[in-house]
Amino acid sequence: MMVEIDRARHGRTIGPPRRAVQPGWREGGPPEFGLVPGAPRTRIAPGSAGPGDGPRERPAGSGSESPVQVSKPPARRHVEGSAFRLGRGRETILTRRILSLTPLDAILERIRARVAPVAAEAALIGHAVGLVLAAPLRVPANVPTRALAAVDGWAVAADMVVGAGPGAPVFLAERPAAVEIGDAMPDGTDAVLPPEAVAEVAGFVEISAAAGAGEGVRPAGFDGEVGAVVLAAGRRLTPLAAAAARSVGLVEAVVRRPYVRILVIGDGLEPQDVTGRLIADLVVARGAELDRPAALADDPAVIAGALAESVADLIITVGGSGVGTTDRTLDGIGLAAASEVLAHGIAIAPGETTALAMIGDAPVLVLPGRPDAALAGFLLVGLPLIDRLAGADPALPDLGLPLAGKVSSALGMTELRFMALENGQAVPLAASGLPLGRLGRADGYLVVPARSEGFPVGALAGIYRLPGGRSW
C-alpha cells in the first residue's frame, strides 16, 4: 500500500521529532504556561535530538530569556443557553448538569469513527525511535548480498570432500582458498573446512574432514531477504527495531507524529498547573509533538479564542471540566466555531467529568484539574486519541503480574487503578483522591472493565506501563 508523505505539515519543514517541549525541562522543569494575546504561535524547539542534529534557535519569548505573559481575561459576559447564566459576583446561577455517563467503550468507538490518522512524514531512523510507523520497514536488498564465510578456515566445494576423514583422507591437486570470517566465498565454493583439516603430503593436498553444503557459510540474504518486513506499519519503532533496520541498510522510516496543544484552565491555579505539566510530559513520552502549552483564565471567550487559533491535531484542556460556577471549559468550546461536544461525563473512575469534543476535524479532550482524575482521563481516553492519530495498533497490557491486594470496582464504571511493582507483584495504590506525592510511586496501571466488580488477591492482572516510566 502506498503511503502519501507530507513533507511540510503545518507549514514547516519536516525535521527530527520534538522529543521534549523545551530545552531545560528535564533539569529545571518546563517554562511557565502562557499565551500572549495576538502573538503568532510558536513551536517549542527539540529537546532530545537524534544523531546529526545541529543547533536550533530558541523560540522568541520562551525558556529562561523572559517570563511568559499570561493573557488578562476580558470582563465577564452573560452566556445564555444550557450551560451557565452569569450574574454578578456570587450570584452566578449554575444550570449545567451531567445527566448520564457515557461508557468508555462508546467513547473509544466514537474516536475510531471521528478521528483519522495524521499525514505521514519521512524521518531518519535515529529520529523515528518511539514513533509509530505509517509504512512497514522492508529490507531493500539481500543482506549480505552474497555468501560470506562464517568461520575461519578453507573454502571448498562440499561435493569434492564427501566422505573425507582422518582415516580416509581425500586428496586435491590444489590447496583450497583460505578465508576469514566475513570474507566473500570464492566462486564455486559452498563450505568452509576448519584450519586443521588441510595439510600438504608428498606434493598433494590432504583433506581429513568432510563438510556439508552451507557449513561455515552465511548465505546471501541470511540477515535479511529483499522485501522482508523488519517492522510492520502501526508498530512503534523501538531502539532494537531501529538497530535491525540499520543493519539491513535502511536510513529512513515513514512515521506519523501527532501535534498536540495543551491549555491549562483556571487563572494559574497550582493543581492545574502541575497537572498540565504532567500531561505535557506524558504526551511527549507517547511520541507526539507538543506545541507551546498555555495557561488561560476560566473565561469562555478566552478559551474559545485559544481553541480557534490552534492548528493542532489534538487539543487537551486541563481544568474546568466539572459543573461548578468556575468550570467554564465546556462553555468556551460551545462558543468556538464548528464545535461539537461528543460526551461530557464518561463512566471512568477517577475522571468522571472528562469530556470529548470536536473543533472541526480536531478532537478536544477536556480533563479535570485534579491530578489523579486528569491522569486517569488521559490514560483511558488521551492515549487512545494519540494512538489513533498516530495510526498505532491498539495498546495491550505490557505485563501480567499477580495482585498483592484486592481490587474492588463498581459495575458500570471502567476503573483505573494505579499500581506499584514490588517483589514481582502489582501493589494497588489508593482507589481515588490519590495525591501526586503518592502517585509518584506508580509504575503502571490496571484497567478494571465496566462489567467487572474487581479482582481478588493473587489474581493475574494485565498491567500497562506508564508512558516514559521505568523499564520492567
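Is Ala459 buried or exposed? Ala459 has a relative accessibility of 17%, and the cut-off for buried is under 20%, so Ala459 counts as buried. Please note at the outset that the model before us is a predicted one. Ala459 sits in the loop between strand E29 (454-455) and strand E30 (460-465). Its C-alpha lies 9.7 Å from that of Val407, although the two residues are 52 apart in sequence.

I turn next to strand E23, which covers residues 362-367. Six of the six residues of E23 are buried, and the strand is thus described as mostly covered. In a regular strand, side chains alternate between the two faces of the sheet. In E23, Ala362, Val364 and Val366 point one way, while Pro363, Leu365 and Leu367 point the other way; all of them are buried.

Which strands pair with E23? One is strand E19 (residues 314-318), which runs parallel to E23 and is joined to it by four bridges. Another is E22, which pairs with E23 in the antiparallel sense over five bridges. Leu365 of E23 takes part in both pairings: Ile316 is its bridge partner in one, and Leu356 stands opposite it in the other. E22 and E23 also form a hairpin with two residues between them. Gly360, in the turn of that hairpin, has a positive phi of about 65°.

Just before E22 there is a further backbone feature. Pro350 is placed in the loop between strand E21 (348-349) and strand E22 (355-359). The peptide bond leading from Ala349 to Pro350 is cis, with omega near -5°. A cis bond is also found from Val143 to Pro144, again with omega near -5°. Pro144 belongs to the loop between strand E5 (137-138) and strand E6 (148-149).

Let us now consider helix H8, residues 371-390. Where is the kink in H8 centred? The kink is centred on Leu379 and amounts to about 40°. Of the 20 residues of H8, 18 are buried, so the helix is largely enclosed by the rest of the structure. Gly391 follows H8, and its phi is positive, near 75°.

Positive phi values also occur at residues other than glycine. Ala338, with phi near 55°, is one of them. Ala338 lies in the loop between helix H7 (329-335) and strand E20 (339-344). Its relative accessibility is 60%, and the cut-off for exposed is over 50%, so Ala338 counts as exposed. Asn423 is another such residue, with a positive phi of about 50°. Asn423 is located in the loop between strand E26 (414-422) and strand E27 (425-428). At 79% relative accessibility, Asn423 likewise counts as exposed.

I shall close with two sheets. Strands of a sheet pair through backbone hydrogen bonds, in either a parallel or an antiparallel manner.

The first sheet to discuss is open, has three strands in the order E8-E12-E11, and shows antiparallel pairing. Strand E8 (170-172) and strand E11 (198-201) are its edge strands, each pairing on one side only. Neighbouring strands in this sheet are turned by 35° against each other on average, with direction ignored. E11 and strand E12 (residues 204-207) are joined in the antiparallel sense over four bridges. Within that pairing, Val201 has Phe204 of E12 as its bridge partner.

Which residues make the nonpolar surface patch of about 290 Å²? The patch is made by Phe171, Val201 and Phe204. Two of these, Val201 and Phe204, are the bridge partners just mentioned, and Phe171 is placed in strand E8. Phe171 has a relative accessible area of 46%, and is therefore partly exposed.

The other sheet is also open, with three strands in the order E9-E7-E10 and antiparallel pairing. Its edge strands are strand E9 (177-179) and strand E10 (191-193), each of which pairs on one side only. The twist from one strand to the next averages 45°. Strand E7 (residues 153-156) pairs with E10 in the antiparallel sense over three bridges. In this pairing, Val156 stands opposite Ala191 of E10.

Note on methods. Residues are numbered from 1 along each chain as its sequence is written. This is a predicted model: local features need pLDDT of at least 70, side-chain atom pairs count only at pLDDT 80 or more; totals for chains, interfaces and linings use all residues. Side-chain values use heavy atoms; hydrogens and water are left out. The bend at a residue is the angle between axes fitted to the seven residues ending there and the seven starting there. Buried means under 20% relative accessible area, exposed over 50%, partly exposed in between (1.4 Å probe, protein chains only). Two strands pair if DSSP finds at least two bridges between them. Axes are lines fitted to C-alpha atoms, for helices over the stretch in contact, and angles run from 0 to 180 degrees between N-to-C directions. Patches are made of residues with over 30% relative accessible area and no salt bridge: like charges are joined within 9 Å, nonpolar side chains (Val, Leu, Ile, Met, Phe, Trp, Tyr) within 5 Å. Accessible areas come from the Shrake-Rupley method with a 1.4 Å probe; for residues, only the protein chains shown count as cover. A salt bridge is a side-chain nitrogen of Lys or Arg within 4 Å of a carboxyl oxygen of Asp or Glu.
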